[in-house]
Amino acid sequence: MKKFLHYFMVLATVVMAGALTISCDKEETFESGNIVGSWNQTNDAGTKIVVTFNKDSTGSVAYSFTNGDSRVENFTYDYHKDNRYLKVLETSCQLCGEYDISVSAKRIELNGFNYYVGDYVWYVFTR
């Protein structure tokens, strides 16, 4: 029994030492449903689009076109996290509209009616 206890203690020490020396990657903190931050997409034409949602309910859409031109559109928004509903309030930007929203730490999906397009659309952006 003494020999068994000795081997058990050695094994437990080895397992604990291994567990303590494993390095952990720093994970991004994320509050479920939080849209604040920048989200990226490259569309079929090669245009890079960056949508930024600020904490103060303002935001912007930055377009970088393949010919080197760029444009930024500013907007305000109303976001209801509880029912996953986003309304981009300006009518002058291409993102303006009313969307059902799905958001995770790395991906956001907007599905709804876009005023600029005049139809229902589905946008996917990533961090």
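Four residues lie between strands β4 and β5 in their hairpin, and among the residues of this hairpin Arg84 takes a positive phi near 50°. The model is a predicted one. Strand β4 covers residues 70–80, runs antiparallel to β5, and is joined to β5 by four bridges. In this pairing, Tyr79 stands opposite Leu86 of β5.

Strand β5 itself spans residues 85–88. In a regular strand, side chains alternate between the two faces of the sheet. In β5, Leu86 and Val88 make up the covered face, while Tyr85 and Lys87 make up the uncovered face. Leu86, the residue opposite Tyr79, is thus placed on the covered face of the strand.

Strand β5 also pairs with strand β6, residues 97–103. These two strands are antiparallel, with four bridges joining them. Val88, from the covered face of β5, has Gly97 of β6 as its bridge partner. Strand β5 therefore has bridges to β4 and to β6, as the cited pairings show.

Back in strand β4, one residue to look at is Glu73. Is Glu73 buried or exposed? The relative accessible area of Glu73 is 10%, and buried means under 20%, so Glu73 counts as buried. Its surroundings can be listed. Leaving out residues up to four places away in sequence, Glu73 touches Gly59, Ser60, Val61, Tyr63, Ser92, Cys93 and Gln94. With one of these, Tyr63, there is a polar contact between side chains, at 3.4 Å from Glu73.

Methods:
Residues are numbered from 1 along each chain as its sequence is written. This is a predicted model: local features need pLDDT of at least 70, side-chain atom pairs count only at pLDDT 80 or more; totals for chains, interfaces and linings use all residues. Side-chain values use heavy atoms; hydrogens and water are left out. Buried means under 20% relative accessible area, exposed over 50%, partly exposed in between (1.4 Å probe, protein chains only). Two strands pair if DSSP finds at least two bridges between them. A polar contact is a pair of N or O atoms within 3.5 Å; within protein, one must be able to donate a hydrogen and the other to accept it, and residues adjacent in sequence count only if both atoms are side-chain atoms. Contact means heavy atoms within 4.5 Å.
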